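Biologist: I should be grateful for a close look at one part of this chain, beginning with the contacts of a single residue and moving outward from there. Please set out what can be read from the coordinates, and connect the pieces where they share a residue or an element.

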Amino acid sequence: MRTRVLAIVVAGALAPLALTVPAAHAATAAAPYDFNGDGRADLAVGAPDATVAGQSKAGAVSVVYGSSTGLRTATRTLITQNTSGVPGTAEAGDAFGAAVASADLNKDGYADLVIGAPGEDVDGDTNDGTVVVVWGGRSGLSGARTVVDFWHDEVDRYGQALAVGDLDGDGDTDIAIGAAGPIGLSFVDGPISRSGSWQGGSGSGFPDSYSPSYGITSLSAGRVSPAWSTSLVVHGRQPRTGAAVTHLVTDPSIGNYTDWMEDLPAGTVSAIGDIDKDGYADIAIGNPAETSADPAGAKGGKVTVVYGGPGGKDTSRAPLVIGQDTAGVPGAAETGDAFGSSVYLGDVNGDGYKDVAVGAPGEDSGAGSVTLLYGTASGLTTKGSVSFTQNTAGVPGTAEKGDRFGARVLLADHSGDHRAELTVGGPGENAGDGAVWSLRGASAGPTTAGALSFGPSAIGVSMAGTPRYGSVLNN
């Protein structure tokens with residue numbers, strides 16, 4: 001794998017500027033997606049197919065802020081490339097919002113939002129891609145900065161995958177950016193501020209097992225190895241077959257990138273968290289493919305849990321493979337269910353163990369479903385697992401073919417009660433308008449009492465074309 005490293009870049013740039021921030025917020029960085037610093041996770045919903053000012057598929061991101069009662073659509077921010085303070089102009093095919101990530105990049109006590117627009121044309125280069133940071137603040141998100149692209153001539157679709165974390169172990173938050181082309185994975189070093197110079201970064205080509213045409217298609221970040229602050233799970237496709245390929249990047253700071261890639265079960269998406277509360281992060285990997293499309297797939301799709309240990313992956317524990325034919329999992333594995341299209345880890349019932357939400361948007365001719373599996377001291381269990389569809393009592397709407405309920409899932413505490421809400425994206429709802437649902441967390445698991453549902457019109461996203469609202473949620 002080819003690696004290039006930059007020290008300090010941007011010719012003639014000044015030293016980083018120090019920002020003046022309120023004293024109350026200067027000491028502690030905000031949690032990801034807490035854009036207004038109130039201690040509750042907010043929700044970023046990407047609609048990369050949304051029309052903006054008549055430009056088809058220009059893309060938009062709407063942010064719905066958390067409250068004591070959960071998500072509150074009355075407090076929201078709509079962000080496009082036509083938003084004041086956001087660099088660029090909304091153009092057809094930009095796909096703004098195709099990927100999102102969040103961290104308090106400048107450590108001012110407010111989380112910031114990183115947004116990818118992989119379809120952006122840059123300096124005449126079609127689909128070169130771009131990434132912007134939108135800054136958090138006491139009143140929410142406002143103002144933005146374009147993230148540097150060190151490898152402009154060697155990347156395509158820059159920003160099609162995003163993750164953030166302290167990737168080089170220096171205490172500052174860095175950005176990992178997935179792309180296609182010769183340089184598939186870029187690292188932009190922190191600290192990242194509203195202005196001033198960039199601190200440098202590095203870029204990597206592809207090993208033989210990855211197709212540069214697909215590029216890095218998905219990223220997740222977390223502390224998998226106790227010896228390192230942040231590791232990455234990297235997803236792509238094989239060159240000839242298009243089958244999924246997945247690796248663990250234990251230590252992204254190592255110059256020889258071939259040394260830090262450990263094989264993981266193949267899948268298209270992943271999530272990282274401590275399922276069994278043993279102090280080591282675990283990895284849930286979703287692979288929705290049928291075996292006819294991917295030898296590592298399964299009938300109806302599957303999820304594989306790789307448990308963490310002192311050295312990173314716990315080699316003493318066999319990975320746990322779960323599908324809809326696994327005992328205790330609701331439903332049955334059927335061709336095309338796409339179980340594992342989305343996965344997310346969060347504590348729904350407040351017991352300290354991370355639970356796993358799994359989307360199956362192909363269930364029942366594309367109506368879709370979501371399954372919740374609970375974490376225990378012994379790991380993930382199917383005991384007590386529950387499934388939700390739009391036909392579940394209390395869930396708004398009606399399950400219809402093509403809704404794709406479960407195409408994206410999220411477990412995040414939007415209310416501040418230390419229990420994660422279950423939030424679900426269904427981008428096929430209403431013939432491609434899309435919608436989002438949110439169920440409150442409770443001691444007995446997600447409750448449909450007071451369930452919330454909203455579509456693009458409630459948030460200010462244009463209804464022209466097929467915005468497919470909900471196709472991207474918090475990473």
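Modeller: Leaving out residues up to four places away in sequence, Thr389 touches Gly368, Ser369, Val395 and Phe405. The model is a predicted one, and the values that follow are computed from it. Thr389 itself belongs to the loop between β26 and β27. Is this residue buried or exposed? Its relative accessible area is 19%, and the cut-off for a buried residue is under 20%, so Thr389 counts as buried. The side chain of Thr389 also has a polar partner: one of its polar atoms lies 2.9 Å from the backbone nitrogen of Asn391.

Among the residues touched by Thr389 is Phe405, and this residue leads to an aromatic pair. The structure holds four aromatic pairs. In one of them, Phe405 and Trp437 meet edge-to-face, with 5.0 Å from centre to centre and 75° between the planes. Phe405 lies in the loop between β26 (379-388) and β27 (408-412), while Trp437 is in strand β29 (residues 435-440), so the pair ties together parts that are 32 residues apart in sequence. Both Phe405 and Trp437 are buried. The loop between β26 and β27 thus holds Thr389 as well as Phe405, and these two residues are in contact.

Other rings in the model have a charged group over them. Lys277 lies over the face of Tyr353, 4.4 Å from the ring centre. The ring of Tyr307 has the charged end of Arg317 over it, at 3.7 Å from the ring centre.

Some backbone features deserve mention next. Ser365 has a positive phi, near 60°, and is not a glycine. Ser365 is placed in helix α1 (residues 363-366). With 53% relative accessibility, Ser365 counts as exposed. Ala338 is another residue that has a positive phi without being a glycine, here about 60°. Its place is the loop between β22 (320-322) and β23 (342-346). Ala338 has a relative accessibility of 14% and therefore counts as buried. A further backbone feature is the cis peptide bond between Gly190 and Pro191, with omega at about 0°. Pro191 belongs to the loop between β11 (185-188) and β12 (201-204).

The strands may be taken in order along the chain. In strand β2 (residues 43-47), five of the five residues are buried. Leu43, Val45 and Ala47 point one way from β2, whereas Ala44 and Gly46 point the other way. In a regular strand, side chains alternate between the two faces of the sheet. Strand β2 runs antiparallel to strand β3 (residues 60-65), and five bridges join them. Across this pairing, Ala47 stands opposite Ala60 in β3.

Strand β7 (residues 130-135) includes Thr130. This residue is buried, at a relative accessible area of 13%. Apart from neighbours within four places in sequence, Thr130 contacts Gln81, Ile115, Gly116, Ala117, Glu120, Thr146 and Tyr158.

Strand β9 (residues 156-165) is mostly covered, with eight of its ten residues buried. Six bridges pair β9 with strand β10 (residues 174-180) in the antiparallel sense. Within this pairing, Val164 has Ile175 in β10 as its bridge partner.

An open sheet of four strands follows, in the order β13-β14-β15-β16, with antiparallel pairing. Its edge strands are β13 (218-222) and β16 (261-263), each of which pairs on one side only. On average, and with direction ignored, neighbouring strands of this sheet are turned by 30° against each other. Strand β15 (residues 244-249) is joined to β16 by three bridges, and the two run antiparallel. In that pairing, Leu248 has Glu262 in β16 as its bridge partner.

To return to the starting point, Thr389 is buried and touches Phe405, which in turn forms the edge-to-face pair with Trp437.

Note on methods. Residues are numbered from 1 along each chain as its sequence is written. This is a predicted model: local features need pLDDT of at least 70, side-chain atom pairs count only at pLDDT 80 or more; totals for chains, interfaces and linings use all residues. Side-chain values use heavy atoms; hydrogens and water are left out. Rings of Phe, Tyr and Trp (its six-membered ring) pair if their centres lie within 6.5 Å; planes under 30 degrees apart count as stacked, over 60 as edge-to-face and the rest as tilted. Buried means under 20% relative accessible area, exposed over 50%, partly exposed in between (1.4 Å probe, protein chains only). A charge sits over a ring if NZ of Lys or CZ of Arg is within 6 Å of the ring centre and within 35 degrees of the ring normal. Two strands pair if DSSP finds at least two bridges between them. A polar contact is a pair of N or O atoms within 3.5 Å; within protein, one must be able to donate a hydrogen and the other to accept it, and residues adjacent in sequence count only if both atoms are side-chain atoms. Contact means heavy atoms within 4.5 Å. Axes are lines fitted to C-alpha atoms, for helices over the stretch in contact, and angles run from 0 to 180 degrees between N-to-C directions.
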